[in-house]
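Open the model in your viewer and keep the sequence panel beside it. We will go from stop to stop, selecting a few things each time.

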Number of protein chains: 4
Amino acid sequence: MRKIIVGVIGPGREANVESIRNAIQLGFLIATEGWILLTGGKNCGVMNAVNEGAKQANGLTVGILPNNDHSTMSTSVDIAILTGMGQARNNINALSSDLLIACGLGPGTASEIALAIKANKKVILLGLDAAAASFFQKLGPRYILVATTAAEAIDLAKNIINASDNVQPR
Amino acid sequence: MRKIIVGVIGPGREANVESIRNAIQLGFLIATEGWILLTGGKNCGVMNAVNEGAKQANGLTVGILPNNDHSTMSTSVDIAILTGMGQARNNINALSSDLLIACGLGPGTASEIALAIKANKKVILLGLDAAAASFFQKLGPRYILVATTAAEAIDLAKNIINASDNVQPR
Amino acid sequence: MRKIIVGVIGPGREANVESIRNAIQLGFLIATEGWILLTGGKNCGVMNAVNEGAKQANGLTVGILPNNDHSTMSTSVDIAILTGMGQARNNINALSSDLLIACGLGPGTASEIALAIKANKKVILLGLDAAAASFFQKLGPRYILVATTAAEAIDLAKNIINASDNVQPR
Amino acid sequence: MRKIIVGVIGPGREANVESIRNAIQLGFLIATEGWILLTGGKNCGVMNAVNEGAKQANGLTVGILPNNDHSTMSTSVDIAILTGMGQARNNINALSSDLLIACGLGPGTASEIALAIKANKKVILLGLDAAAASFFQKLGPRYILVATTAAEAIDLAKNIINASDNVQPR
């Protein structure tokens, strides 16, 4: 029985303090729910922080890396998927996640939110400014939710997972 | 000597009348400049219209298709690249274009603009509303330009190409 | 600390009885070693059998699917990575595995062995005829090993993993 | 009306003298037929030689590069498609070609022949030893043809193209 996968996306080196703090909490809470954490796998920013948070709660973490080696991988990634395909891997993140949480925003994250909408996936926005949130709500009205705290994002994620027919039980 | 490639991105079936009209003009003008037109290659919306416009001026058109066959290809595509990789091919569109012109907006187009910024490519926005244009200008301040007509977009494109060191002459 | 990943590749619907039997044993033994099993994830042939074997020993299984949904997934896959990129995902299988075991042969498997050699990965051949084994040994002399039983393949895998500097301990 | 694309695949730096000589002839003859030449696009080995041959006959050349920039591109490539996805681009070469000619052999080439068989594409082998040719004929009996000269390979290609229902006229 396949496991539920929650993707957390967000900036790398440009991540701000609030996004890092939210990411650590998201990772911890995702692991506590028994969900698998999926990220872009790199050793910086939101990717690194959310993986660290998940490991603090003994979660299982999957990193979908743009590289073809482990040199830039977060040491908190358990399962490293080396795609060697750069940012084209963003579409794998969108497709493989039962739902996504965007924790902060940068160009890579924006591409993943848009690809998730294209793939009919729900995305919970956390820490995006009002204009950015409004942009994505207009881009994919049926797919975008907004949270103001990590805990609220997890509550929204629970609702989505419970309501989903095509997500098997954990 | 490799040829200059201008990518035109935009909605498929959801494209509005203005985007279709702009796309036909863009295709015609791109071909007139002697640039190669690169699109997502499908037989609908902006992709189809811009290819038709380019063929009216005897241009050369390249379609980077998400599919693994020609069944959904625009008949105005000369060179069909079948990726079989769905929306992950959007990153190829961004990487392969010397610059991109976004003609209208949808989730796929938004992902391509964001991927282009990530790849340090200039993107000219045509026919996006002010809020969307503002969103992308904030996402990639050094990469986004705004045009109000197809002719203006081509003028901006000429400036970018002439200023570029790493684009070889036609 | 990332976990060791062993990729098992082999035919789908065209797999013969011997390959299926070997695959079940390989899965069981890989899980017993505490390694993660990586496959192409589909619900047929070697992919399905090896995942079933791994689950009999409570292993953790990762499926790198060519599809963009779960419709053709083995029900013994725990973690489904949906690539939506068809056979281009074969390169992800090669890159992400610390080593690979080829259990039987078909066109997809042959592409993965060749891609693994290209990626400097060791591949253990199990159940290939002498001509095919010889072909791959000539193609990548430093990368190809031959086993005659599942147990022997696992012994060879242990040697490779123990000798490897860039594979972290389990 | 889309143009006929013939893919030529073969070793890079490890290509032998015979393969280079065959590649130059293949490129010249493909261009003379009015077909588009598709290669992996790099500035070495068979890829470079076949592109040079095609340009001597004023052909049109498309390079599907593994990189995300033009730094390793053959200067005889007209249209550079930057995939940024490493060897996963080999599947694009297989899918996009109406047929392929393998000129020599290495691991990358072997992966492309196997992926072409998987994609139901005909592959003409030129300059492979008898054991390698036999291996691929067994792997894909309906898809593999063998030529002994570049001219013979082009004759076989003409037959395939003329017999094909799904290839539009030039």
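## First stop: a residue in chain D

Select D:Asn91, which has its place in helix H3 (residues 90-96) of chain D. Helices here are DSSP runs of H or I with at least four residues, strands are DSSP runs of E with at least two, and both are numbered from the N terminus.

Before going on, some ground rules: this is a predicted model, in which local features need pLDDT of at least 70 and side-chain atom pairs count only at pLDDT 80 or more, while totals for chains, interfaces and linings use all residues. Residues are numbered from 1 along each chain as its sequence is written, chains are lettered from A and ligands numbered from 1 in the order in which they are written, and side-chain values use heavy atoms, with hydrogens and water left out.

Is D:Asn91 buried or exposed? With a relative accessible area of 4%, D:Asn91 is buried. (Buried means under 20% relative accessible area, exposed over 50%, and partly exposed in between, using a 1.4 Å probe and protein chains only.) Now show what D:Asn91 touches, leaving out residues up to four places away in sequence: C:Met85, C:Gln87, C:Ala88 and D:Leu115. Contact means heavy atoms within 4.5 Å.

## Second stop: strand S6 of chain D

Stay in chain D and select residues 123-126, which make up strand S6. D:Val123 and D:Leu125 point one way, D:Ile124 and D:Leu126 point the other way, and all are buried. In a regular strand the side chains alternate between the two faces of the sheet.

Add strand S5 (residues 99-103) of chain D, which pairs with S6(D) in the parallel sense over 4 bridges. Two strands pair if DSSP finds at least two bridges between them. Look for D:Leu100, which stands opposite D:Val123 in S6(D). Follow the chain from S5(D) through helix H4 (residues 107-118) of chain D to S6(D): this β-α-β crossover is right-handed. That term means that, with the strands pointing away from the viewer, the path from the first strand over the helix to the second runs clockwise.

Next, add strand S7 (residues 144-147) of chain D, joined to S6(D) by parallel pairing over 4 bridges. Here D:Leu126 stands opposite D:Ala147. The chain gets from S6(D) to S7(D) through helix H5 (residues 130-139) of chain D, in another β-α-β crossover that is right-handed.

## Third stop: the sheet of chain B

Move to chain B and colour its strands. How many strands form the open sheet? There are 7, in the order S4-S3-S2-S1-S5-S6-S7, and the pairing is parallel. The edge strands are S4 and S7 (144-147) of chain B, each pairing on one side only. From one strand to the next, the twist averages 25 degrees. Such angles run from 0 to 180 degrees between N-to-C directions, and the axes are lines fitted to C-alpha atoms, for helices over the stretch in contact.

Now pick out strand S3 (residues 61-65) of chain B: 5 of its 5 residues are buried, so the strand is largely enclosed by the rest of the structure. On one side, S3(B) is joined to strand S2 (residues 36-39) of chain B by 3 bridges, and the two run parallel. B:Leu38 has B:Val62 as its bridge partner. S3(B) also pairs with strand S4 (residues 79-82) of chain B in the parallel sense, over 4 bridges. There, B:Ile64 stands opposite B:Ile81.

## Last stop: where chains meet

Select B:Ile79 and show its contacts beyond four places in sequence; among them are B:Leu60, B:Val62, D:Ile5, D:Ile36 and D:Ile79. Now add A:Ile79, C:Ile79 and D:Ile79: together with B:Ile79, they touch the most other members of the largest nonpolar core, which has 44 residues. (A nonpolar core is a set of buried Ala, Val, Leu, Ile, Met, Phe, Trp, Tyr and Cys residues joined through side-chain atoms within 4.5 Å.)

Finally, show chains A and C. A turn of 180 degrees and a shift of 0.0 Å along the axis lays chain A on chain C with an RMSD of 0.0 Å. That is the relation of a two-fold axis. Copies are superposed by least squares on the C-alpha atoms of residues with pLDDT of at least 70 in both. Which residue of chain A comes closest to the rotation axis? Select A:Ile81, whose C-alpha lies at 4.5 Å.
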